[in-house]
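Subject: Structure handover

Hello,

Here is the structure I said I would pass on. Please look it over first, then read the notes below it.

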Amino acid sequence: MQRVYCDANATTPLLPEVMEAMRPYWMEEFGNASSIHLQGQYARKAVEGAREILARFFHCREAEVMFNSGGTEGDNTAIFGLLRAGDRFITTSIEHSAVLRAAERVAERGVDVTFVAPQANGLIDPEEIRRAVRPETRLISMMLANNETGVLQPVEEVGKIAAEAGAFFHIDAVQGAGKVEFDVRRFGCHLCTISAHKMYGPKGVGAMYVRRGTPLEPLVVGGSHERRRRAGTENVPGIVGLGKAVELAMKSLEDGTMERVARLRDRIEAGILAIPGTGVNGEGAPRAANTTNIRFEQVEGEALVIALDLKGVAVSGGSACHSGATEPSHVLMAMGLDKNAARASLRFSLLKTATDADADHVLRVVPEAVEHLRALSPEVAGTRG
Amino acid sequence: MKQDTTIAVAMSGGVDSSTAAAILARSGETVVGLTLQLWDQTRLAGRHGIPDAPKAGRCCSLDDVYDARRVAEHLGIPYYVVNQEERFERDVVRPFVAEYLAGRTPIPCSLCNNHLKFDQLLKTARSIGAERIATGHYAVNEYDEKRSRWILKRPADLAKDQTYFLFGLTQEQLAHTVFPLGHMTKPEVREAARQHGLKLAGKPDSQEICFIPGGDYKRFLTAYLEEQGEAMPETAGELVTANGAVVGRHEGIFSFTVGQRKGLGGTGRPSGPSPLYVLNIDPASHRVTVGADAELASRTLRARQLNWIGIAELTGSMRVRVKIRHRHEPAWATLEPAGADEVLATFDEPQRAVTPGQAAVFYDGDEVVGGGWIV
């Protein structure tokens, strides 16, 4: 059966070039980048080569690039590394759980935390952030692109607000990196988190931009790796893979790939919206090129996800709870959707390698599946739809 | 009978449903595994002594979902967890709590099978393109041409017979359900599990009600009502004998079940040589009637909310055997209609502790004629 993977916001496959770049660093060039000998030096060279690419990507100095294990660690580091009892922390209610759970944790430890809600279209109004600022505001954290809706947040405006308030600004760019023009100077942030596996690199590795002079306490302590900001032997193959993935991401931002993905996304979106009783969550807001989040009235989203999977279309709906069952998306609920509407919403997020044939398959399968579900349980309307 | 349709197997992570899935998958059927996530086992953790980490062997515990997922991976079948927590709370937990507070003794498993599990499984199965469902219950269903009805029969392993909990199945549900274990004994099932390479072949059976840790109803009620911000209703009252003499007081009717041996709670404990048993609970007056074991026996019972399986309807009197609780040996009785949606069963021999809230299931030989809820 033809399978079309429309869940790129969950994770992406390695591009072949990334796999190739990593290949020597498992067996031949296996050295520890901290070792004095030549094996160590080869490994060090690989790590610093990747750091150079990351610095070009972030638009920062090489010394301001810190490697880590990925998005969750980056988000946690920003929050636990800067906030102490008595500080004020402003973030939004549509952040990833790596930010939300860390925020709850520091709140228990005496940090005053404010969650700014989005507008109905999923956009955070920068003025709401400005209104939340108090003299003791130490950190503002906001995502670049929302993982569920793809809505691009006004990071530049918030960067200015942070600068005026004398607060640090962290951007969770896990979903935005590789999808939009990227420049931490323009964003006005002090910290910026990215993850390799969302951009065709390997899982378990990421990086963080840490502006020089930011007093970030390390989350992981031990050896003096990463300028004492993050202990632990460098994940050399992972870092090399991240470097290659970021290099390729910069290329696809310039060679028209994103425009092509946007056209495919728009085609799929228009095709699905032709089904009665559908709508886009985040409509009217600027969105990442690969993502659309569509609500289907009178459909149980969880069943639709499974039905589509069995017909060869992999999408996601809501977030997985402890058991792997789905819970309604906190992002959509924050945008004002009720539980049923949030449950009946599905995210389609395309790979940058998606083709017209993929879109054809999606548009063959989805309308059929929706019609089938609606025909089965018309009574679902208003109860579980 | 291999059909060219997909079967959705309800997988709990236990030996029975895992083996059912294995048998179907290995016989060449197209199988999809489903687990209904019904109750978050950590939800009431820490309240009133409810343990923080639920043990395995209870549905919806993380360990059991893990086991079910590993079995599906082993069999190479797709597997999904479907969130039905809200519906479970509405259709099973809430009615259970209401019944209990009203002094009756409900069986959540039957509530669940009747009002949620089979209905929801079939609904979910159809939504995902499966025409039939399968479960690991020990029961047999067959189509009887003569009567043009689907019938439900006791399984090969009478010790594991679960037909008592399945009396609410509709013809539609029976027509689309497969019970792969109906003709097997439990040891045969464990052996089949081993032969199919299932690592959990030796996993102990779960005995508990899935959402009530340790089977402590009262602790669950207290914790649940507290979480809901609802007060435990005041139902303290008198302990009386069958002829109306007040012999003491009790602290709430929900502590009692008909047939229970008295001796817990209550003040002004009646003294006497012979042990006392709960004979009756009156939710209106909060009065709990107690008496000697012999007084527990009833010659009749009435049941409502009936479901008929082997027959379309009860039109006259019928000789059946009636099972009044899970471990009860069905007893001979004459069944007759007693108004709309009510029957009267008259036992040949008086039966001990006929308990309102429990199910009465009527058998004709191995066949389930139907059943209802004791009133």
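The bend at a residue is the angle between two axes, one fitted to the seven residues ending there and one to the seven starting there. By that definition, helix H3 of chain B, residues 85-101, has a kink of about 30 degrees at Val93(B). The kink lies shortly before the proline Pro95(B). Please keep in mind throughout that this is a predicted model.

More on that helix. The buried residues in H3(B) are Phe88(B), Val92(B), Val93(B), Phe96(B), Val97(B), Glu99(B) and Tyr100(B). Val93(B), where the kink lies, is thus also on the buried list. In an α-helix there are 3.6 residues to a turn, so residues three or four places apart point the same way. The cover over the buried residues of H3(B) includes H4 and helix H7 (217-227) of chain B. After H3(B) comes Gly103(B), which has a positive phi, near 85 degrees.

Chain B as a whole

Chain B has 7 helices and 17 strands. Its C-alpha trace spans about 65 × 55 × 35 Å along the principal axes. How does the radius of gyration of chain B stand against that of a compact globule? For 375 residues a compact globule would have a value near 21 Å, and chain B, at 22 Å, agrees with this. Of the 375 residues in chain B, 47% are buried. Among contacts in chain B with a separation of 6 or more, 64% are between residues 24 or more positions apart.

The domain assignment splits chain B into domain 1 (6-136 + 180-218), domain 2 (237-291) and domain 3 (298-374). The centres of domain 2 and domain 3 of chain B, taken over C-alpha atoms, are separated by 27 Å.

Chain B also has an open sheet of 5 strands, in the order S3-S2-S1-S4-S7, with parallel pairing. At its edges are S3 and strand S7 (177-178) of chain B, each of which pairs on one side only. Within the sheet, strand S1 (residues 6-10) and strand S4 (residues 130-134) of chain B pair in the parallel sense over 4 bridges. Ile7(B) stands opposite Arg132(B) in S4(B). As general background, the strands of a sheet pair through backbone hydrogen bonds, either parallel or antiparallel.

Chain A

The secondary structure of chain A comprises 14 helices and 14 strands. Along the principal axes, its C-alpha atoms fill a box of roughly 70 × 50 × 40 Å. The radius of gyration of chain A is 21 Å, which agrees with the value near 21 Å for a compact globule of 385 residues. Buried residues account for 53% of the 385 in chain A. Of the contacts in chain A with a separation of 6 or more, 72% join residues 24 or more positions apart.

Chain A is assigned domain 1 (4-12 + 256-384) and domain 2 (16-252). Their centres, over C-alpha atoms, are 28 Å apart. Each side gives 26 residues to the contact between domain 1 and domain 2 of chain A. On the domain 1 side, the elements that give two or more residues are helix H10 (257-273), strand S10 (291-296) and helix H12 (330-334) of chain A. That side of domain 1 of chain A divides into 9 nonpolar, 13 polar and 4 charged residues.

One residue of chain A is worth a look. Leu14(A) is in the loop between strand S1 (4-5) and helix H1 (16-22) of chain A. Is Leu14(A) buried or partly exposed? Leu14(A) has 19 other C-beta atoms within 10 Å, and a buried residue needs 20 or more, so Leu14(A) counts as partly exposed. Beyond its neighbours within four places in sequence, Leu14(A) is in contact with Met19(A), Tyr200(A), Gly201(A), Pro202(A) and Gly241(A). The C-alpha atoms of Leu14(A) and Arg186(A) are separated by 29 Å, with their positions 172 residues apart along the chain.

Where the chains meet

The contact between the chains takes 16 residues of chain B and 15 residues of chain A. On the chain B side, two or more residues each come from strand S2 (30-37), helix H2 (62-75), strand S3 (79-83) and helix H4 (108-127) of chain B. By class, that side of chain B has 9 nonpolar, 5 polar and 2 charged residues.

Regards

Technical notes:
Residues are numbered from 1 along each chain as its sequence is written. Chains are lettered from A and ligands numbered from 1 in the order in which they are written. This is a predicted model: local features need pLDDT of at least 70, side-chain atom pairs count only at pLDDT 80 or more; totals for chains, interfaces and linings use all residues. The radius of gyration is taken over C-alpha atoms; the globule rule is 2.2 Å times the number of residues to the power 0.38. A residue is buried if 20 or more other C-beta atoms lie within 10 Å of its own, exposed if 12 or fewer, and partly exposed in between; C-beta atoms are placed from the backbone. Two residues are in contact if their C-beta atoms, placed from the backbone, lie within 7 Å. Domain bounds come from an automatic or database domain assignment. Ala, Val, Leu, Ile, Met, Phe, Trp, Tyr, Cys and Pro count as nonpolar, Asp, Glu, Lys and Arg as charged, and the others, Gly among them, as polar. Two strands pair if DSSP finds at least two bridges between them.
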